[in-house]
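Colleague: I'd love a close look at one part of this predicted model. Could you pick a charged contact, walk me through its setting, and then work outwards from there?

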Amino acid sequence: MVNHQLFLLLTLILSILVFQSESRVKAKAPFGFSLELIHRDSPLSPFYNASLNSSEILTKNAIHSMERFKHFQSLINQKVVQSIVFPTENSYLTKLSFGTPPVEYFAIVDTGSDLTWIQCVPCTKCYNSQGSSLFDPQASSTYKAFSCDSQTCRAFGGEQCLKTNDCQYHVTYGDMSSTIGISSSDTLSFDSINGQKTTFSTSIFGCGRNNQVQLGNLGIAGIIGPHIDHRFSYCFVPRFAKASGRLIFGQESIISHPKAVSTPLVSKYPQTFYYLTLNGVSIGDKTAHPSSSQGNVLIDSGVTLTLLEPDLYSRVEAMVKEAIGKEPVQDPSGTFKLCYGADTNINVPEMVFHFSGADVRLQPVNTFMVNGDLVCMVIVPNSVNPFSVFGNYAQINFQVEYDLQNWVVSFAPTDCTQI
């Protein structure tokens, strides 16, 4: 029987720890493969809640976006590096399998986290995984626990040894939650869209047995990085589309679109995140510039909203109001700062985000969303400090490629329902 577990976090980030895995690819075509990608709130999702209307879902996702941003902020302000996990409500999902025989999971695509672990039995304290089974190492013929004297244990940050000589890890997160378990390896496999199975053996992960957090975390790009040329891309469909997007690894992820633009990633603390440089935001012939400079925006696939530093947001909002030319109305919930009546015939202008070397042209689907009887801008102010986040709404209908060899992110306007 297939076990569907939402709270396994697929983190698309090049983890130095997991990069050291000696994975062997058994697939016939290891240099590129594609997976289906759906939003958690899509009618295609097994977690779709038909009792929630679009306004309730949008508000819920906005609240989770702000909670997630607070976690970002707490980690950025820390002087000591800690791993961190975040709420999952805003996320896009794909499928993968662990172990032999393979056990299938739904995994969250998230570029804003880096630790690798899943819940395992026996478990002294585990979160509710919505009725799905925990991973059972004893049921997998390819499972291996690392010994305390292994190089992997030392790289994993093992804090103590068990009587069995198994390597134990203990990780505390920025919100003081934690996970304790065994440093392990097992087979990781994907069913590609073309019907082929792609398998990676000896994939290193933590087998969590005392988990005082809300979700698990899987650093896929780090595990299989050498076999996918350190390259992946995704293409997000609109939230309620009855079609799936794509998560693409390796050579298949390379963008060849004539309108593709590229911008360098910026190395910055904490290295958990992907940073870009935003030079300005334009509407028509007017441009607003941020007060901060290099590496001033975090690109994140796991947060719904785009957040702008306060002064930049104020100038962008003023440009939007001028371009639309109609009287805005207040959002009763206070979630969104700029809204119009849904029955008001407004023309949402194209908005251009000027990243270093790349002008990304956002369409109305990226910047406004129906919110009950309102239409609201899904760009909001940070209101805390000069820091911005480029969220997943802004990335809808773009193929976004991460080339971690050359440290570049590329954007190509794409109908993601047709890719």
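Modeller: Happy to! Let's begin with Arg-231 and Asp-403, which form a salt bridge whose closest N and O atoms are 3.4 Å apart. Arg-231 sits in strand β12 and Asp-403 in strand β27 (residues 398-403), so this contact ties together parts of the chain that are 172 residues apart in sequence. Both Arg-231 and Asp-403 are buried. Please keep in mind that the model is predicted, and that every value I quote is computed from it.

The pair has company. Salt bridges with shared partners join Asp-229, Arg-231, Glu-401 and Asp-403 into one network. In the whole structure there are eight salt bridges.

Let's stay with strand β12 for a moment. Cys-235 lies in this strand (residues 231-235) and Cys-416 in the segment after β28 (408-413), so their pairing ties together parts that are 181 residues apart in sequence. The two cysteines form a disulfide, with an S to S distance of 2.0 Å. The angle about its S-S bond is -75 degrees, and the link is left-handed. Cys-235 is buried, as is Cys-416. Strand β12 thus takes part in a salt bridge through Arg-231 and in a disulfide through Cys-235.

Aromatic side chains come next. One aromatic cluster is formed by Phe-232, Tyr-234, Phe-236, Tyr-274, Tyr-402 and Trp-407. The count of aromatic pairs in the structure comes to 19. One of them is Phe-190 with Phe-200, an edge-to-face pair with ring centres 6.2 Å apart and 80 degrees between the planes. Phe-190 belongs to strand β10 (residues 178-191) and Phe-200 to strand β11, ten residues apart, and the pair links distant parts of the chain. Phe-190 has 0% relative accessibility and counts as buried; Phe-200, also at 0%, counts as buried too. Another pair is Phe-355 with Phe-390: the ring centres are 5.2 Å apart and the planes stand at 85 degrees, so this pair is edge-to-face. With Phe-355 in strand β21 and Phe-390 in strand β26 (residues 388-390), the contact ties together parts that are 35 residues apart in sequence. Phe-355 and Phe-390 are both buried.

Strand β11 brings us back to disulfides, of which the structure has four. Cys-120 is in the loop between β6 (117-119) and β7 (144-145) and Cys-207 is in strand β11 (residues 197-211), so this pair ties together parts that are 87 residues apart in sequence. Their disulfide has an S to S distance of 2.0 Å. The torsion about the S-S bond is about -110 degrees, so the disulfide is left-handed. Cys-120 is buried, at 0% relative accessibility, and Cys-207 is buried at 0% as well. Cys-339 and Cys-376 form a further disulfide, with sulfur atoms 2.1 Å apart. This one is right-handed, with 105 degrees about the S-S bond. It links distant parts of the chain, with Cys-339 in strand β20 (residues 339-341) and Cys-376 in strand β24 (residues 374-377), 37 residues apart. Both of these cysteines are buried.

Now for the nonpolar interior. In soluble globular proteins, nonpolar side chains tend to be buried together. Here the largest nonpolar core has 79 residues, and Ile-299, Met-351 and Phe-353 touch the most other members. Helix α5 (residues 310-324) contributes the most to this core, with six residues. Domain 1 (32-236) and domain 2 (258-413) both give residues to the core, so it lies between them.

Helix α5 also carries a salt bridge, between Lys-321 and Glu-317, with the closest N and O atoms 3.3 Å apart. The two residues are four apart in the helix and therefore separated by about one helical turn. Lys-321 is partly exposed at 34% relative accessibility, while Glu-317 counts as buried at 16%.

A last salt bridge to look at is that of Glu-350 with Arg-361, where the closest N and O atoms are 3.1 Å apart. Glu-350 lies in the loop between β20 and β21 (351-355) and Arg-361 in strand β22 (residues 358-362), so the pair ties together parts that are eleven residues apart in sequence. Glu-350 is partly exposed, with a relative accessible area of 34%, and Arg-361 is partly exposed at 43%. In the salt bridge we started from, by contrast, both Arg-231 and Asp-403 are buried.

Conventions: Residues are numbered from 1 along each chain as its sequence is written. This is a predicted model: local features need pLDDT of at least 70, side-chain atom pairs count only at pLDDT 80 or more; totals for chains, interfaces and linings use all residues. Side-chain values use heavy atoms; hydrogens and water are left out. A disulfide is a pair of cysteine sulfur atoms within 2.5 Å. Buried means under 20% relative accessible area, exposed over 50%, partly exposed in between (1.4 Å probe, protein chains only). A nonpolar core is a set of buried Ala, Val, Leu, Ile, Met, Phe, Trp, Tyr and Cys residues joined through side-chain atoms within 4.5 Å. Domain bounds come from an automatic or database domain assignment. A salt bridge is a side-chain nitrogen of Lys or Arg within 4 Å of a carboxyl oxygen of Asp or Glu. Rings of Phe, Tyr and Trp (its six-membered ring) pair if their centres lie within 6.5 Å; planes under 30 degrees apart count as stacked, over 60 as edge-to-face and the rest as tilted.
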